[in-house]
Structure formats: structure tokens, C-alpha cells
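Look at the chain below and follow its strands and helices from one end to the other. The paragraphs after it explain how these parts are arranged.

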Amino acid sequence: MGWLKLSVSIPADYVDTGEELLWYAGAASICVRDARDSPVLEPRPGTTPIWPHCRIEALFPAPAGDGLRLLERLRQQLTRGRDWQIEELADRDWLRVWMDDFQPMRFGKRLWIY
């Protein structure tokens, strides 16, 4: 079984609703990213700021070829979404994939992370 990665741009005030709809639709994971270059630096204590323009990505477990049905169903529900993209991802050993590009790092004289 493969995965479907859905990506859509949404306004900041719609992120909570978007996440809720994606979880309800069966997303296995959701990630919210900055859609433009709008860094959030040093937020005030007790606040959770978010970027003014967000890109939300969700992974769905699905057999190959199921992406168009999922995309159409979510387009009807996420009415404020735009710039929709869907991509089929082959199943892999995801615990190992991220390590392929990781290089050992040295901090100070004796601390190494590898």
C-alpha cells in the first residue's frame, strides 16, 4: 500500500478547520508550513502565532490511483483552499529515509550527534 500526499494553501484563520477536516477524512499525519517567506520570530510567552499564509500537507494511506476521489471530496469540504496538489508516494522504510541525508554534527569539543 502506498501513500497520498495532499497539499493545499489556506488562510491562517482556516488552519484549525482545515486540520479538523483532514483528520476526519482519514489523514495519518498533518503538517502546517509557511506558504510564503513570513518567519515568526520570538513569539510572546503563552502565544502560538501562525503565519499569515499557510500550506497544509496531509498524508493518507491509500492504494495507488485513489487520489482523484480523495482530492474531489476534500475540495468540496475545504472551500477556502487553493493551489491543490496531490502526489502518490511509494511505501518505504520511513524511519530510515530521513537518515539518508543526515550528517554527523559536532557541538563544542566533545559532543557529536550522529
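The text below goes from the sheet to the core, and then to the charged pairs. The model is predicted.

Begin with the sheet. Four strands form an open sheet, and their order across it is β2-β3-β1-β4. The pairing in this sheet is antiparallel. As a general point, strands of a sheet pair through backbone hydrogen bonds, and they do so either parallel or antiparallel. β2 and β4 are the edge strands, since each of them pairs on one side only. On average, neighbouring strands of the sheet are turned by 20° against each other, with direction ignored.

The pairs of strands can be taken one at a time. β1 and β3 are antiparallel and pair over ten bridges. In β3, H53 is the residue that stands opposite P11. β2 and β3 also run antiparallel, and six bridges join them. Here D34 has C54 of β3 opposite to it. On the other side of the sheet order, β1 pairs with β4 in the antiparallel sense, over six bridges. In this pairing, E88 in β4 is found opposite L4.

How much of β3 is buried? Seven of its ten residues are, so β3 is largely enclosed by the rest of the structure. A helix also lies against the sheet: α2 is placed across β1, β3 and β4, and runs at about 155° to β4.

Next comes the nonpolar core. The largest one has 20 residues, and the members that touch the most other members are L6, I10, L22, F60, L74 and W84. Which elements give two or more residues to this core? They are β1 (2-11), α1 (15-24), β3 (53-62) and α2 (67-77). β3 provides the largest share, with five residues.

L22 can serve as an example of how a core residue is surrounded. When its neighbours within four places in sequence are left aside, L22 is in contact with L6, A27, I30, I56, A58, F60, L74 and L78. Among these contacts, L6, F60 and L74 are also in the group that touches the most other core members.

The last topic is charge. Side chains of opposite charge can pair when their charged atoms come close. How many salt bridges does the structure hold? There are four, and three of them are described here.

One salt bridge is formed by the side chains of D13 and R80, at 3.0 Å from N to O. D13 is in the loop between β1 and α1, while R80 is in the loop between α2 and β4 (82-89). The pair links distant parts of the chain, as the two residues are 67 residues apart. Is D13 buried or exposed? D13 counts as exposed, because its relative accessibility is 60% and the cut-off for exposed is over 50%. R80 counts as partly exposed, with a relative accessibility of 39%.

Another salt bridge joins E57 and R33, whose closest N and O atoms are 3.1 Å apart. This pair also links distant parts of the chain: E57 is in strand β3 and R33 is in strand β2 (residues 29-34), 24 residues apart. The side chains of E57 and R33 are joined by a polar contact of 3.1 Å as well. E57 has a relative accessible area of 16%, and it therefore counts as buried, the cut-off being under 20%. R33, at 43% relative accessibility, counts as partly exposed. What does E57 touch, not counting residues up to four places away in sequence? The residues are K5, L6, S7, S29, I30, C31 and R33.

A further salt bridge is found between R55 and D83, where the closest N and O atoms are 3.3 Å apart. R55 belongs to strand β3 and D83 to strand β4, so the pair ties together parts that are 28 residues apart in sequence. R55 counts as buried at 12% relative accessibility, whereas D83 is partly exposed, with a relative accessible area of 46%.

Strand β3 returns in each of these topics. β3 pairs with β1 and with β2, gives the largest share of the core, and holds E57 as well as R55.

Definitions and conventions: Residues numbered from 1 in each chain as written. Predicted model: local features only at pLDDT ≥ 70, side-chain atom pairs only at ≥ 80, totals over all residues. Heavy atoms only, no water. Core = buried A, V, L, I, M, F, W, Y, C linked by side-chain atoms within 4.5 Å. Buried < 20%, exposed > 50% of the residue type's maximum accessible area, 1.4 Å probe, protein only. Contact = heavy atoms within 4.5 Å. Pairing = 2+ DSSP bridges. Polar contact = N/O pair within 3.5 Å; in protein donor to acceptor, adjacent residues only side chain to side chain. Axes fitted to C-alpha atoms, helices over the stretch in contact; angles between N-to-C directions.
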